[in-house]
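Here is a set of short exercises to work through with the model open beside you. Try each task before reading its solution.

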Amino acid sequence: MAERGEADFNDILDDWFIETLKTYKDLHVYQLEHPTQVIEWTSGKTVCVAGYSSSKNEILELQLPLKLFAEENKGLCAERDFKVVHGGFTEGPVRCLRHVPGTRCVVTNDGLTSDLQVWTVGGDDSDVIRRTGSVAGRKTRKKKSDSEGGSRIAARHSSQVLHGAQSDDIQLTQLTSGQILYTPEMTSSDPLSSLQFVSDDVFLAGCCNGNVYIADTRASASPQLSPAPPGESVPWWTDAAAGASSGSFIRVSSSGRAEISDLRNPGAAVSRAQLSVQSRRCNPGHVTVSWAPALNDCIAVSGFSGLVQIYNTSGWGAEPQEVQPLFEHRGHAVSSQSDEGDVFVTSQLWHPERPRTLLSAASDGSVHVWDWVDQSDGDR
Amino acid sequence: MMCIKQIFSRTHRLKVGQVLEAAFTSSRCFHGEQQVSRESSALPIIHHSRYVCDLPPNHRFPMGKFPRVLHFLIKDQVITEEQVWVPEIASKELLSCVHTEEYLNDFFIGKINEQEQRRTGFPWSEGIVRRCRYETGGTVLAAEVALQRGLACSTAGGTHHAFPSYGSGYCLLNDLAVAAKYLMGVSSHKRKILIVDLDVHQGDGTAFIFKEEPCVFTFSVHCGKNFPLRKQQSDLDISLDDGMEDNEYLSTVETHLPLLLETFRPDLVLYDAGVDPHWEDELGRLRLTDQGLYQRDLYVMKTVVSRGVPVAAVIGGGYSRDNDKLALRHSILHRAATQVWRDCGM
């Protein structure tokens, strides 16, 4: 019986393989020993991932298959596998991980306290990722909030890190000196689902309740509030576009309601939609919504199931219509041997320059990098 | 059999059509559209311009490679036009020796549902039906000519993932199976056919088709992690690990082929010389070089021919976004065959 099950599963994988020849320009898969909830670029060809089990976890820097990057000379590069280039161990789970631009450092948070851990990746011919510092959070959270996220983190130039677990404990810390450079004046204490720089000095604080604050680190004035869309289910996740659709930000709720606003007029909604997600299975803390840096008006949404969905938001109107994804990456769902409902995508990340290349990770430890074929227009 | 030998010897050139209408009672005839009418004592190359058909733009299958293989062989003066034999389109009757009537009927008229089409990798079209039939006809002709001349190569062929009632993995009809079944014959003294499938993907369709047939021996050397993951059982399967290079690969073939020839004693070898074990292949997970492929093909054909066994070769699989590079890689087979033809004084 087990043998037959294996044959059937292999048959499914074979069907999937033939399908991928048509739907992807490239697709490479990797299997981690333990799943990751974070994927973060540390260079043009490397990403950092880390486990989230309750005790010790691995933190790894992976090099993407070089074959992916060999454009015309694809044949010249035989390297079709991910490679672990650096590794280390953490004391606890990693719920948030950010690379500090211009350095070989990453900053993590375990989702239990608001403190951050600072790591240095490699250096001096070492292949180790080692703990080299910490940053104290503004205050210790007294109780576990609904959001599993703990502190959210955003990093910018000069080793400056913006972090906080709630809207009223956000601070900008200089990593090397430990100096606190800025704290916004906030009146409410909303648990955060994201922190993100949209320019050198302006950042967005997305709250789980759907509120979004826009603040400028140079100004002492209170941040602008874009209130949560009324009457929708919580929690919400936010992402601001930095590249192709720069100036917009999007909010997505746990029921799949999406709302786009403009940074210059954050109080109003520009467009809305009802995404085709299986909201019953939504696992807060694992939902990721992100704008494509190099593909106009496109967003990637994951965490509701074992799929990563790409939506083109350009057709959205003022009234929330049900919209269909432009593309769905089914790789994690198809190749997982667990029951269909069990595997879910824990994280997804766009390539900063390649328009249709993404990375995705799932709860079964799989990590995929894929470059999908847009089949909506006749020829690419 | 004697008649054929006389008629198709070098000094007597007759058109196949004329021969057919002549005194053949046992219907052994070449499935060629036109006979090579001029003196050609060189290596027979089987090719049809209709080995190709149109595909939707950006389709992954390298359809353009087929005419380019012939183009490069002629351009590089490896062969001349005179060596080219042109196959007939495979009839439904011929195909039915392997494929089910229901599948053939549906396939010919396009009654293949979306799920089935998806597994093949091709959207159905009349063009694809036609090109598959010509390709199969080409492999059959190559086998027939090989029986007469000792060695023949097609510029297509190797569609080994096709099963009797469905297609899979860019294969819609199983040309090797049809050729083997047809050439096996039906008389009490069946020919023994050895299928040597060195495409990097297991010849699962062929293995399945001849599972219970003692007169056809299926031998497949493939990469374990390549498609299909659901493997069939050939008479001899050698499953290789990722990344194998020239020397180890060659040793593997050298370990098994002579022994097979010795014990099975085939009357004909069908050789699938897929180039997807090449390190540049987009799908294959091995690391052969051009030189490795050449040595492999040279070894296989020479070993078989020097035992007095005829061999018909097909190009098998190869995947690349550069059709010219790929076609050149496929033409390694014909270059090696030309070398064998010379070395063995054929």
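The exercises below concern a predicted model, and each task is followed by its solution.

**Exercise 1. The two chains in outline**

Task: Find how many helices and strands chain A has, and how many of each chain B has.

Solution. Start with chain A: its secondary structure comes to 2 helices and 29 strands. Then go to chain B, where there are 12 helices and 9 strands.

Next, look at burial. Of the 380 residues of chain A, 58% count as buried; of the 346 residues of chain B, 58% count as buried.

Now take the contacts with a separation of 6 or more. In chain A, residues 24 or more positions apart account for 51% of them. In chain B, residues 24 or more positions apart account for 75%.

Finish with the surface. Chain A has an accessible surface of about 16000 Å², 46% of it from carbon and sulfur atoms. For chain B the figure is about 14100 Å², with 49% from carbon and sulfur atoms.

**Exercise 2. A strand with two partners**

Task: Work out which strands pair with β24(A), and say whether β24(A) is largely enclosed or not.

Solution. Step one is to locate the strand: β24 covers residues 308-312 of chain A, and 4 of these 5 residues are buried, so the strand is largely enclosed by the rest of the structure.

Step two is the pairing with β23(A), residues 298-302, which is antiparallel and has 5 bridges. Here A:S302 stands opposite A:V308. The two strands form a hairpin with 5 residues between them, in which A:G303 takes a positive phi near 110°.

Step three is the pairing with β26(A), residues 327-329, again in the antiparallel sense and over 3 bridges. In that strand, A:H329 is the bridge partner of A:V308. As background, strands of a sheet pair through backbone hydrogen bonds.

**Exercise 3. Edges of an open sheet**

Task: In the open sheet of 5 strands in chain A, find the order of the strands, then say which strands stand at the edges.

Solution. Trace the sheet in the order β18-β19-β20-β21-β25; its pairing is mixed. β18 (236-240) and β25 (321-323) of chain A stand at the edges with a single partner strand each, so one side of each has no neighbour in the sheet. From one strand to the next, the twist averages 30°.

For a view inside the sheet, take β20 (257-262) and β21 (271-275) of chain A: they run antiparallel and are joined by 4 bridges. A:I260 is found opposite A:S271 there.

**Exercise 4. Checking a helix**

Task: Test whether the span of helix α11(B) agrees or disagrees with 1.5 Å a residue, and find what covers its buried residues.

Solution. Helix α11(B) runs over residues 290-305, which makes 16 residues and an expected span of 22 Å; its end C-alpha atoms are 22 Å apart, so the two values agree.

Now turn to burial. Among the buried residues of this helix are B:L293, B:R296, B:D297, B:V300, B:M301 and B:V304. An α-helix has 3.6 residues a turn, so residues three or four places apart point the same way. The cover over the buried residues of α11(B) includes the strands β4, β8 and β9 and the helices α10 and α12 of chain B.

**Exercise 5. Unusual backbone angles**

Task: Decide whether B:Q77 is buried or exposed, do the same for B:Y170, and then find which residues a cis peptide bond joins in chain B.

Solution. Most residues other than glycine have a negative phi, and most peptide bonds are trans. B:Q77 has a positive phi near 55° and is found in the loop between α3 and β3 of chain B. With a relative accessible area of 70%, B:Q77 is exposed, the cut-off being over 50%.

B:Y170 also has a positive phi, of about 65°, and lies in the loop between β4 and α8 of chain B. Its relative accessible area is 8%, so B:Y170 is buried.

Last comes the cis peptide bond, which joins B:F227 and B:P228 with omega about -5°. B:P228 has its place in the loop between β6 and β7 of chain B.

**Exercise 6. Across the chains**

Task: Find which residues of chain B are touched by A:N10.

Solution. A:N10 lies in helix α1(A), residues 2-23. At 15% relative accessibility, A:N10 counts as buried. The residues that A:N10 touches are B:L229 and B:R230, leaving aside residues up to four places away in sequence.

How values were computed:
Residues are numbered from 1 along each chain as its sequence is written. Chains are lettered from A and ligands numbered from 1 in the order in which they are written. This is a predicted model: local features need pLDDT of at least 70, side-chain atom pairs count only at pLDDT 80 or more; totals for chains, interfaces and linings use all residues. Side-chain values use heavy atoms; hydrogens and water are left out. Buried means under 20% relative accessible area, exposed over 50%, partly exposed in between (1.4 Å probe, protein chains only). Contact means heavy atoms within 4.5 Å. Accessible areas come from the Shrake-Rupley method with a 1.4 Å probe; for residues, only the protein chains shown count as cover. Two strands pair if DSSP finds at least two bridges between them. Axes are lines fitted to C-alpha atoms, for helices over the stretch in contact, and angles run from 0 to 180 degrees between N-to-C directions. The expected span of a helix is 1.5 Å times one less than its number of residues.
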